[in-house]
Amino acid sequence: VILLSVIFIIPQNIPVLASAQGLPETGQDSSINMSITPCWMHVDCVTLDLSFSSGQAHCYGRILAARGTTAINATFTLERKCSYGWTVANTWSRSSVTDSLTFYTTNVAYEGFEYRFSVTATVIRNGVYEVVSSSVEATY
């Protein structure tokens with residue numbers, strides 16, 4: 001009984017992958033994009049948006065954490081896809097001592113390239129650290 005209690009108390013950090021393959025047919029169009037949203041303990045929402053205009057990438061991010069959050073430390077990254085993979089265009093670090101963090105910036109962007117805007121953040125609430133991450137991709 002004690003062993004089982006310890007197993008449930010110890011936080012598990014296990015990556016989860018999801019696929020619609022092998023699911024029974026529902027009669028719906030298989031080309032429909034389905035969104036899978038992660039669940040976090042101390043974070044209510046992570047919102048990212050990436051848009052382009054006039055040679056600029058507009059990067060917006062917002063992290064909303066639960067009440068009682070004492071710190072959010074985030075690293076935002078903009079990457080450009082090249083023939084050999086992803087290359088970092090720019091990185092920004094931001095912090096907040098409240099339960100929310102909002103970020104906006106622009107960065108030079110080139111038409112015809114695919115970009116990825118991502119965030120990795122550590123959220124501290126009641127002495128517990130939680131790492132969250134999210135990303136969005138778009139083509140200019």
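In which strand does His-58 lie? This note on the predicted model takes up that residue and then the wider chain.

1. Placement of His-58. His-58 belongs to strand 2, which covers residues 56-65. Its side chain reaches the side chain of Ser-53 in a polar contact of 2.9 Å. When neighbours within four places in sequence are set aside, the residues in contact with His-58 are Asp-49, Leu-50, Ser-51, Phe-52 and Ser-53, together with Tyr-104, Thr-105 and Thr-106. Ser-53 thus appears both in the polar contact and in the contact list.

2. Overall architecture. The chain contains one helix and seven strands. Read from the N terminus, the order of elements is α-β-β-β-β-β-β-β. Of the contacts between residues at least 6 apart in sequence, 61% join residues at least 24 apart.

3. Burial and surface. The chain has 140 residues, and 29% of them are buried. Its accessible surface amounts to about 9700 Å², with 54% of that area belonging to carbon and sulfur atoms.

4. The pair Phe-52 and Tyr-115. Six aromatic pairs are found in a search of the whole structure. One of them joins Phe-52 and Tyr-115, a tilted pair with 5.4 Å from centre to centre and 50° between the planes. The two residues come from distant parts of the chain: Phe-52 is in strand 1 (residues 43-53) and Tyr-115 is in strand 6 (residues 114-125), 63 residues apart. Phe-52 has a relative accessibility of 18% and therefore counts as buried, the cut-off being under 20%. Tyr-115 is likewise buried, at a relative accessible area of 0%. Phe-52 is also among the residues in contact with His-58.

5. The pair Trp-92 and Phe-103. The ring centres of Trp-92 and Phe-103 are 5.6 Å apart and their planes meet at 45°, so this pair is tilted. Trp-92 lies in strand 4 (residues 85-96) and Phe-103 in strand 5 (residues 100-108), and the pair links parts of the chain 11 residues apart. Trp-92 is buried at 10% relative accessible area, and Phe-103 is buried at 2% relative accessibility. Both rings belong to one aromatic cluster, formed by Phe-76, Trp-92, Phe-103 and Phe-117.

6. Arginine over aromatic rings. The charged end of Arg-80 is placed over the ring of Phe-113, at 5.4 Å from the ring centre. A second arrangement of this kind involves Arg-116, whose charged end sits over the ring of Trp-86, 4.1 Å from its centre.

7. Surroundings of His-42. Is His-42 buried or exposed? With a relative accessible area of 7%, His-42 is buried, although this residue lies in a loop, the one between helix 1 (2-9) and strand 1. Beyond residues up to four places away in sequence, His-42 touches Ala-65, Ala-66, Thr-69, Val-123, Arg-125, Val-128 and Glu-130. With Arg-125 there is also a polar contact of 3.2 Å between the side chains. The C-alpha atoms of His-42 and Leu-64 are 9.0 Å apart in space, while the two residues are 22 apart in sequence.

8. Cysteines. How many disulfides does the structure hold? The number is zero. Cys-39 and Cys-59 have opposite settings: Cys-39 counts as exposed at 77% relative accessibility, whereas Cys-59 counts as buried at 0%.

9. Positive phi in two loop residues. Ser-54 is not a glycine, yet its phi is positive, near 50°. This residue lies in the loop between strand 1 and strand 2 and is exposed, with a relative accessible area of 73%. Asn-126, also not a glycine, has a positive phi of about 55°. Asn-126 is placed in the loop between strand 6 and strand 7 (128-139), and its relative accessible area of 60% makes it exposed.

Conventions. Residues numbered from 1 in each chain as written. Predicted model: local features only at pLDDT ≥ 70, side-chain atom pairs only at ≥ 80, totals over all residues. Heavy atoms only, no water. Helix = DSSP H or I, 4+ residues; strand = E, 2+ residues; numbered from the N terminus. Polar contact = N/O pair within 3.5 Å; in protein donor to acceptor, adjacent residues only side chain to side chain. Contact = heavy atoms within 4.5 Å. Phe/Tyr/Trp six-rings, centres within 6.5 Å; stacked < 30°, edge-to-face > 60°. Buried < 20%, exposed > 50% of the residue type's maximum accessible area, 1.4 Å probe, protein only. Lys NZ or Arg CZ within 6 Å of the ring centre and 35° of its normal. Areas by Shrake-Rupley, 256 points an atom, 1.4 Å probe, with all protein chains shown as cover. Disulfide = S-S within 2.5 Å.
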